[in-house]
Amino acid sequence: MISRRQLLAAMATTPVVSMMGIGSAHALPTNDYKALVCVFLFGGNDGFNMLIPSDNSHYDEYATARPDIAIPQASLLPVSLNTGSDLTLGIHPSMPELQSLMNTGQMVPIANSGVLIEPSTKAGLEDGTHAMPPFLFSHNSQQAEWQRGWSGSTTTLGWAGRLMDVLSSESDTISPTFSLNGYAQLLNGTEHSTNLINASSLPQVNAIKNDQRRESFDQVMGLSPLTAFGREFDRVKGDSISIRDKLATAIESVPEEDHFPDISLSHQLHTVARLIKSSDQLGHQKQVYFVGLGGFDTHANQLEDHAILMSALSQSLAAFNQSMEASGLGDKVTTMTMSDFGRRLASNGTGTDHGWASNHLVMGGALNGGQLYGQWPSLILDGENDFNKGRMIPTTSVEQIGATVAKWMGVNSDSAMNYIFPNLAKFSLQDLGFLK
């Protein structure tokens, strides 16, 4: 006989069923509520044109490596960050909102981070001593690697899904994982099905939107099918519609906010904000959200196109942070960026080709702000941090970033952390310290 989990798996691609959680009622959230919001920058964000050295010696190194696409030193927005050296940093001139967040301790950068199986050096990668992550520089593969959090494996689970396997349970009425940007491997776990939500509206079953049709539908649903499969199908269908109604009610209970700009990413984050503020109605103590912004595969016309993307990211994140702070939830919500990979330091003329390491951002009220995390690399082409042709070798792994967030979310045992990040034990520094 087909099991309930098998049926859910078989039907998970349908819009209504993909919103379904598993199980029955869950206790209301406590003061321990926390949410993680993951912002995926699809295409490979050029993190070294987002966070840029501003002191003369490091800027000269940067500008020498990429003369065709270097951001002018005088236009950098200065940020006050302790780097542990004479390095000073600025951010892209299109990001004044994020400059303010960094300078007030509500955002920190993580330098030179990316997918790794183990700590790796140029010499170790060249002689095979250190394992190379699979399919480097491939969009689909590296998007999956970032979300898998277990480089070198073939698991279809994601690290945030495994995180919620640990922190939540199969008793949730509605899954505590939400994607506002389609399918996300990041959220795949063994205990829950992800809620797939459109930023502008929840899917509806149009045939039962009016009262008469709904009454007829309910009468049909009250009939008992002759087979076990039919009965399970009807139950799943009914639960899916019920959960859709609960999510819609939760979102609609929170007024819209007019300070969110008319940008795709901002629309997604606006809906996330409304869901977070209504989390008590959903019975969640921990939640994970996935949103995304595309267009970062800047092989050409990078200076113009990347400026637009940086502005969209800056405005959207700042609007979301404003919403969380105004609601007193700033220290309960942490937002982090992800991307396929960085770009090569050397330009191809007007753009950049696929790289490896990049710089990433973490935002929220629970940060230990005012500091650069991770290790800033040498930006000398063919230098110690350049794998080849300007592809920077990460000095901080996805697992180290994720483990720091997981600890803040409430993971407090080595066995749980090893389940979420099986490669983590290979890294000596497992908590980067950017969260309180």
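**Figure 1. Overview of the predicted protein chain, with its 13 helices and 16 strands.** The model shown is predicted, not experimental. Of the 436 residues in the protein chain, 56% count as buried. Contacts between residues at least 6 apart in sequence join, in 75% of cases, residues at least 24 apart. The exposed area of the protein chain is about 17,200 Å², of which carbon and sulfur atoms supply 51%. The structure holds 9 salt bridges, and three of the following views are each centred on one such pair.

**Figure 2. Close-up of the salt bridge between Asp32 and Lys286.** The closest N and O atoms of this pair are 2.8 Å apart. Asp32 is located in the loop between α1 (4–11) and β1 (34–41), while Lys286 belongs to strand β8 (residues 286–293), so the pair ties together parts that are 254 residues apart in sequence. Asp32 is partly exposed, its relative accessible area being 38%. Lys286, in contrast, counts as buried, because its relative accessibility of 8% is under 20%.

**Figure 3. Close-up of the salt bridge between Arg66 and Asp46.** Here the closest N and O atoms are 2.9 Å apart. Arg66 occupies the loop between α2 (56–65) and β3 (77–79), and Asp46 the loop between β1 and β2 (51–53); the pair therefore ties together parts that are 20 residues apart in sequence. Both Arg66 and Asp46 are buried. Asp46 is also among the residues in contact with His306, which is the subject of Figure 6.

**Figure 4. Close-up of the salt bridge between Glu257 and Lys277.** The closest N and O atoms of the two residues are 2.8 Å apart. The pair links distant parts of the chain, with Glu257 in the loop between α8 (228–252) and α9 (264–277) and Lys277 in helix α9, 20 residues apart. With a relative accessible area of 18%, Glu257 is buried. Lys277 has a relative accessibility of 25% and counts as partly exposed.

**Figure 5. Packing of helix α3 (residues 96–103) and helix α11 (residues 302–326).** The axes of the two helices come within 7 Å and cross at roughly 50°. This crossing makes α3 oblique to α11. On the α3 side, Pro96, Glu97, Leu98 and Leu101 take part in the contact, and they meet Ser314, Gln315, Leu317, Ala318 and Asn321 of α11. By residue class, the contact of α3 with α11 comprises 5 nonpolar, 3 polar and 1 charged.

**Figure 6. Surroundings of His306 in helix α11.** His306 is buried, and its relative accessible area is 2%. Setting aside neighbours within four places in sequence, His306 is in contact with Asn45, Asp46, Asn49, Met50, His92 and Phe296. One of these residues, Asp46, forms the salt bridge with Arg66 shown in Figure 3.

**Figure 7. Surroundings of Gly189 in the loop between β6 (177–179) and β7 (195–196).** Gly189 and Trp159 are 30 residues apart in sequence, and their C-alpha atoms are 8.1 Å apart in space. When neighbours within four places in sequence are left aside, the contacts of Gly189 are with Leu157, Gly161, Arg162 and Asp165.

Notes. Residues are numbered from 1 along each chain as its sequence is written. This is a predicted model: local features need pLDDT of at least 70, side-chain atom pairs count only at pLDDT 80 or more; totals for chains, interfaces and linings use all residues. Side-chain values use heavy atoms; hydrogens and water are left out. Helices (H or I, at least four residues) and strands (E, at least two) are DSSP runs, numbered from the N terminus. Buried means under 20% relative accessible area, exposed over 50%, partly exposed in between (1.4 Å probe, protein chains only). Contact means heavy atoms within 4.5 Å. Accessible areas come from the Shrake-Rupley method with a 1.4 Å probe; for residues, only the protein chains shown count as cover. A salt bridge is a side-chain nitrogen of Lys or Arg within 4 Å of a carboxyl oxygen of Asp or Glu. Axes are lines fitted to C-alpha atoms, for helices over the stretch in contact, and angles run from 0 to 180 degrees between N-to-C directions. Angles under 35 degrees count as roughly parallel, over 145 as roughly antiparallel, 65 to 115 as roughly perpendicular and the rest as oblique. Ala, Val, Leu, Ile, Met, Phe, Trp, Tyr, Cys and Pro count as nonpolar, Asp, Glu, Lys and Arg as charged, and the others, Gly among them, as polar.
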